[in-house]
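Please open the structure in your viewer, with selection by chain and residue number at hand, and follow the stops below in order.

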Amino acid sequence: MTAQADDELWSAIADPSRRRVLDLLVNHGEVSASWLAGHVSFSRQAVSKHLAVLEQAGLVSRRKQGREVLYQVQAGRLDQAARAMADLAAQWDRRLATIKRLAEAAHAEAKKSERPSTPVGS
Amino acid sequence: MADLVIEREVLIEAPAEVVWRTITEPDQMSQWFADRVELVVEPGAHGYMQFGDQGGPVVVEAVDPPARFSFRWNHPRGEEPVAGNSMLVEFTLTPEGHERTRLRVSESGHELRDWPDAEKQRYADEHQGGWAEYLDRLVSVLAKRRSG
């Protein structure tokens with residue numbers, strides 16, 4: 001994923017109300033915006049706005065069925081997002097492992113130079 | 001309330017003071033974080049971090065040696081990092097026994113100030129493990145629903 005696509009994805013997921021919409025879509029499959037509006041505490045208008053952002057981020061797709069527009073989660077994109085998130089966690093794990101190595105080496109070094117057997121002022 | 005993205009921790013065989021220097025001194029930070037770090041570790045201080053050919057501003061938030069250190073950044077966008085447009089990285093150091101320190105890091109961000117606090121709290125509670133856990137859960141719910 002490019003940095004910009006990442007950014008779009010994270011800001012799409014960052015909003016709690018969009019996560020609520022995503023939760024509903026994951027749990028209920030293909031549904032309409034009106035159905036979603038009946039299951040959330042915010043307006044029909046807000047639902048449409050959130051769906052547009054989720055669609056832009058590739059997390060949601062829509063199709064027309066008769067007079068209705070139905071929305072559903074894009075499983076591939078969701079998988080991709082989960083993997084990107086796991087990568088971010090792994091990145092922090094690597095940073096923490098480096099911090100651990102550096103701090104433990106610095107501590108061992110400090111202890112060595114503190115040893116009484118070390119000649120003073122040499 | 002910040003929206004928790006990620007939380008990780010590690011146990012280090014060194015006193016908190018040593019770990020503190022490793023995470024806060026710019027020449028040390030450049031070994032585990034950015035390629036180049038220009039930073040004065042003082043609350044409110046503005047610095048700069050370079051990652052490969054990209055870089056951006058960083059603003060120090062909390063400096064409480066040797067227990068807590070946090071900064072805001074919004075790599076790769078490059079605007080001035082403030083609450084609402086940036087990620088908050090927070091380190092917490094907890095001594096555990098003799099010369100041993102538990103180091104926790106959390107990255108959170110994009111506070112949504114237009115959202116009612118109760119709702120934010122509810123979601124923070126539901127998604128305590130951060131986004132990785134949240135997304136994993138969604139993926140598994142979806143997989144289960146499709147196979148069922």
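Begin in chain B by selecting B:Phe69 together with B:Phe91, its bridge partner in strand 6 of chain B. Bear in mind from the outset that everything on this tour belongs to a predicted model. Widening the selection to residues 87–95 of chain B shows the whole of strand 6, which is joined to strand 5 of chain B by 6 bridges and runs antiparallel to that strand.

Next, add residues 54–64 and 68–73 of chain B, which are strand 4 and strand 5, an antiparallel pair held over 5 bridges. Within this pair, B:Val59 has B:Arg72 of strand 5 as its bridge partner, and the connection from strand 4 to strand 5 is a hairpin through 3 residues. Strands of a sheet pair through backbone hydrogen bonds, either parallel or antiparallel.

Now show chain B as a whole, where 4 helices and 7 strands can be picked out, arranged along the sequence in the pattern β-α-α-β-β-β-β-β-β-α-α. Of its 148 residues, 29% are buried, and among contacts with a separation of 6 or more, 40% link residues that are 24 or more positions apart.

Colouring chain B by pLDDT is a useful step here, since the chain averages 81, with 78% of its residues scoring at least 70. Which elements of chain B have the lowest and the highest mean pLDDT? The lowest mean, 55, belongs to helix 3 of chain B at residues 117–126, and the highest, 96, to helix 1 of chain B at residues 16–24. Where pLDDT is low, the predicted coordinates should not be read in detail. For the model taken together, the scores are ipTM 0.79 and pTM 0.73.

Turn to chain A, which has 5 helices and 3 strands, and follow the elements from the N terminus in the order α-α-β-α-α-β-β-α. Buried residues account for 26% of the 122 residues in this chain, while 52% of the contacts in chain A with a separation of 6 or more are between residues 24 or more positions apart.

Select the strands of chain A next: the 3 strands form an open sheet in the order 1-3-2, with antiparallel pairing. Strand 1 and strand 2 of chain A stand at the edges, each with a single partner strand, so one side of each has no neighbour in the sheet. At one edge, strand 1 (residues 31–32) pairs with strand 3 (residues 68–73) over 2 bridges, and A:Ser32 has A:Leu70 as its bridge partner there. At the other edge, strand 2 (residues 60–65) is joined to strand 3 of chain A by 6 bridges, and A:Gln65 stands opposite A:Glu68. Zoom in on the hairpin between strand 2 and strand 3 of chain A, which has 2 residues between the strands, and find A:Gly66, whose phi is positive, near 65 degrees.

With the sheet still displayed, add helix 2 of chain A, which lies across strand 1, strand 2 and strand 3 of chain A and runs at about 90 degrees to strand 3.

From there, select A:His50 in helix 4 of chain A, residues 44–56. Is this residue buried or exposed? A:His50 counts as buried because it has 23 C-beta neighbours inside 10 Å. Leaving aside neighbours within four places in sequence, A:His50 is in contact with A:Ser17, A:Arg18 and A:Val21; the C-alpha atoms of A:His50 and A:Arg18 are 5.7 Å apart, although 32 residues separate the two along the chain.

Helix 5 of chain A is the next selection, with 40 residues that should span 58 Å at 1.5 Å a residue, in agreement with end C-alpha atoms that are 58 Å apart. Its buried residues include A:Leu78, A:Met85, A:Ile99, A:Lys100 and A:His107.

Finally, display both chains and select the residues across which they touch: 34 residues of chain A are in contact with 34 residues of chain B. On the side of chain A that touches chain B, helix 1 (3–14), helix 2 (16–28) and helix 5 (75–114) of chain A each supply at least two residues. The largest share of that side, 22 residues, comes from helix 5 of chain A. Coloured by class, the side of chain A that touches chain B shows 22 nonpolar, 5 polar and 7 charged residues.

Technical notes
Residues numbered from 1 in each chain as written. Chains lettered and ligands numbered in written order. Predicted model: local features only at pLDDT ≥ 70, side-chain atom pairs only at ≥ 80, totals over all residues. Buried ≥ 20, exposed ≤ 12 C-beta atoms within 10 Å, placed from the backbone. Contact = placed C-beta atoms within 7 Å. Nonpolar A, V, L, I, M, F, W, Y, C, P; charged D, E, K, R; others polar. Pairing = 2+ DSSP bridges. pLDDT = per-residue confidence, 0-100. Axes fitted to C-alpha atoms, helices over the stretch in contact; angles between N-to-C directions. Expected span 1.5 Å × (residues − 1).
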